[in-house]
Protein chains: 2
Amino acid sequence: MTTETLTNKQWRLKQRPVGEPSAETWEFTQAEVPSIKDGQVLIKIEYISVDPAMRGWLNDAKSYIAPVAVGDVMRAGTVGKILESKLEGFEAGDYVGGYSGVQAYDVSDGTGLYKIDPNLAPLPYYLGVLGMPGMTGYFGLLNTGEPKEGETVVVSGAAGAVGGLVGQIAKIKGCRVVGIAGGPEKCQFLIDELGFDAVIDYKNENVKAGLQKACPDGVDVYFDNVGGDILDDVLTQINLKARIVICGAISQYNNTTPVKGPSNYLSLLVNRARMEGIVVFDNAKEYSVAAKEIAGWIQEGKVKVKDHIVEGIDTFPDTLMMLFKGQNFGKLIIKVGD
Amino acid sequence: MTTETLTNKQWRLKQRPVGEPSAETWEFTQAEVPSIKDGQVLIKIEYISVDPAMRGWLNDAKSYIAPVAVGDVMRAGTVGKILESKLEGFEAGDYVGGYSGVQAYDVSDGTGLYKIDPNLAPLPYYLGVLGMPGMTGYFGLLNTGEPKEGETVVVSGAAGAVGGLVGQIAKIKGCRVVGIAGGPEKCQFLIDELGFDAVIDYKNENVKAGLQKACPDGVDVYFDNVGGDILDDVLTQINLKARIVICGAISQYNNTTPVKGPSNYLSLLVNRARMEGIVVFDNAKEYSVAAKEIAGWIQEGKVKVKDHIVEGIDTFPDTLMMLFKGQNFGKLIIKVGD
């Protein structure tokens, strides 16, 4: 196998966005894939993860991870197949997960690369329920949300990659689970397919009134993916010693004005409640344990998976925007194609 | 001893304030003190505690404690002397603490009443460092802030009853302590008398710049008494796994517009930090342990006490406003007088 004839396709950060990413944000480049050196592997990327966190990586600000540099290939979680290896521990034909970015091929020195088994689960699962979103939901809910049997757990972005799993794990733990999602189709899916106890369609319902109805015993755990007004609404309904897990705030990521802070945060005082942020990477050492447990739940039919796969790496800028418009339904993934 | 000749002076809630309490909020009433029945005591109130929490008690909203009813004597922590007792366990001459309210005399059935020893500490201490503010600072810092030796602890309202003690306990625990207070006199006091490592005068300094200078290693624990912009400034400087104790938000209590939520709350996510509310009453069972430890620190000279005593129950409406104008310097207390 030679690499001579391979042409890479790459989406690079051209200019940091103010507000929503747009056509000016990205540059599409093509280039010949270089031949690999000793200590490197060549990966054909098959699936690219499209996640809300990407928006944060575009900002030139101190955060839990360095921003993507202008001119660099956009960072993204990926799964792919090794075409050629000069790196010990990896062979041609191996499937690997990692952060190869939004491109069709990657020449890697193995940093952050790990083997995955395509026979154990479909490849896209390794970007979703068994990947970063899955780990985020698992550790965020169990370690920080600390749900107890009989408690009420509310999750926003409930039809998304993280939210859907959070709700299902909360059900496994014996909680009453209420999902907040946009649109009747997603809400119906949460009830019918994922077994949520109640849902609130934030696009068509008053969220505070919906919470009052759906949470007659108040809210013990809120897993927040969206921030904004919904966080404020939930704060009015929390119980004593409630736990609010701050996983994300997708409603605020494209703000050009300051982030809307939660006006009702003094409910934390009244209710002796806590609000705590999480970052999935902190749990890296325990990923394998979590993935094994989640895979078991999938096999038992206790966790169902919904992926939203878009074909073609060329769609990346538009596909990313689907997240912020609430247009994805399940874990959003790009299938690179040939 | 008879009660026939005693006239009570009482401040009652006349009308719930919108924004700042004003002359229209209060009604001053005088009435003959009734004679006590079996199971009651008559208390001559000597000192009345004036606390930021009082503002919250005026709102007709669900909170950690019922609001004061319109027409009722204003709720307040008090210390006084029993003049007459028909209640087992209390005798004339006993000194007692409790919640007798803003009045000169109280006829009580003993609810919430507890004996105090005027020989162990001056009476006003039982409203401050050995009372509700002391317990708030002690349990809020130690149980929720969880300061560790060598960490940086920032406290706002640092020259107030709670803040001053929080800073001194943090020093005892081996922390670097930074106080935020208003005006050079208070700031100098924190350094010279209470042993703070650094101070920020929020009335005359840029708080964010001050924090950057005073906290070269970032902020591990923030004990917040004020909310508003200062909370937002501190959020920009917190460390990984920082703990923010929400004790109060005096800057927001008189708002007629919605409370300013912390715009920078996503710093909790970036830093995997937590923000947690506290209410002192949750620790009632452990008050005596805490009071004993604090009293020990006072005896050893490790904790210094600053009370701000205003003479005369007639001053109550104006004295209360001193809190919101930052005019108190130490624990604010009214000495009832004769």
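Let's start at one small spot: Ile246(A) has Gly277(A) as its bridge partner in strand 13 of chain A. The model you are looking at is predicted, and this pair is a handy place to enter it. Ile246(A) and Gly277(A) belong to a pairing of strand 12 (residues 238-246) of chain A with strand 13 of chain A, which is parallel and runs over 4 bridges. As a reminder, strands of a sheet pair through backbone hydrogen bonds, in either a parallel or an antiparallel way.

Now stay with strand 13 of chain A and look at its two faces. Arg274(A) and Glu276(A) lie on one side, Met275(A) and Gly277(A) on the other, and all of these are buried, so both faces of the strand are covered.

What does strand 13 of chain A pair with in chain B? Its partner there is strand 13 of chain B, in the antiparallel sense, over 3 bridges. Met275(A) finds Met275(B) as its bridge partner, while Arg274(A) is bridged to Glu276(B).

With that junction in view, you can follow the whole sheet. It is an open sheet of 12 strands with mixed pairing, in the order 10(A)-9(A)-8(A)-11(A)-12(A)-13(A)-13(B)-12(B)-11(B)-8(B)-9(B)-10(B). At the edges stand strand 10 (198-201) of chain A and strand 10 (198-201) of chain B; each has a single partner strand, so one side of each is left without a neighbour in the sheet. From one strand to the next, the twist averages 15°. Further along in chain A, strand 8 (residues 152-156) and strand 9 (residues 176-181) run parallel and are joined by 5 bridges. There, Thr152(A) stands opposite Arg176(A) of strand 9.

Let's turn to the contact between the chains. Chain B contributes 25 residues to it, and chain A contributes 25 residues. On the side of chain B that touches chain A, helix 7 (267-270) and strand 13 (274-277) of chain B each supply at least two residues. Strand 13 of chain B gives the most, with 4 residues. Sorted by class, this side of chain B has 15 nonpolar, 5 polar and 5 charged residues.

How are the two chains related in space? Chain B is superposed on chain A by a rotation of 180° with 0.0 Å of shift along its axis, at an RMSD of 0.0 Å. That is the relation of a two-fold axis. In chain B, the C-alpha nearest the axis belongs to Gly261(B), at 2.1 Å from it. The same surface serves both copies, as 100% of the contact residues of chain B recur in chain A.

Next, a residue in chain B. Ala170(B) is found in helix 3 (residues 161-172) of chain B. Is Ala170(B) buried or exposed? It counts as buried, because it has 28 C-beta neighbours inside 10 Å, where 20 or more are needed. Leaving aside its neighbours within four places in sequence, Ala170(B) is in contact with Leu141(B), Pro147(B), Val153(B), Cys175(B) and Val177(B). The C-alpha of Val305(B), 135 residues away along the chain, is separated from that of Ala170(B) by 15 Å.

Finally, step back to chain A and its domains. The domain assignment gives domain 1 (7-128 + 306-335) and domain 2 (132-281), with C-alpha centres 28 Å apart. Between them, 19 residues of domain 1 are in contact with 15 residues of domain 2. On the domain 1 side, helix 1 (53-57) and helix 9 (316-324) of chain A are the elements that give two or more residues. By class, that side has 6 nonpolar, 8 polar and 5 charged residues.

Strand 3 (residues 41-49) of chain A rounds off the tour. Of its 9 residues, 8 are buried, so strand 3 is largely enclosed by the rest of the structure. Its pairings are antiparallel: 7 bridges join it to strand 4 (residues 78-85), 4 bridges to strand 6 (residues 105-108), and 3 bridges to strand 15 (residues 331-335). Ile45(A) has Gly80(A) of strand 4 as its bridge partner, Ile43(A) has Asp106(A) of strand 6, and Ile48(A) has Ile334(A) of strand 15.

Technical notes
Residues are numbered from 1 along each chain as its sequence is written. Chains are lettered from A and ligands numbered from 1 in the order in which they are written. This is a predicted model: local features need pLDDT of at least 70, side-chain atom pairs count only at pLDDT 80 or more; totals for chains, interfaces and linings use all residues. A residue is buried if 20 or more other C-beta atoms lie within 10 Å of its own, exposed if 12 or fewer, and partly exposed in between; C-beta atoms are placed from the backbone. Two strands pair if DSSP finds at least two bridges between them. Axes are lines fitted to C-alpha atoms, for helices over the stretch in contact, and angles run from 0 to 180 degrees between N-to-C directions. Two residues are in contact if their C-beta atoms, placed from the backbone, lie within 7 Å. Ala, Val, Leu, Ile, Met, Phe, Trp, Tyr, Cys and Pro count as nonpolar, Asp, Glu, Lys and Arg as charged, and the others, Gly among them, as polar. Copies are superposed by least squares on the C-alpha atoms of residues with pLDDT of at least 70 in both. Domain bounds come from an automatic or database domain assignment.
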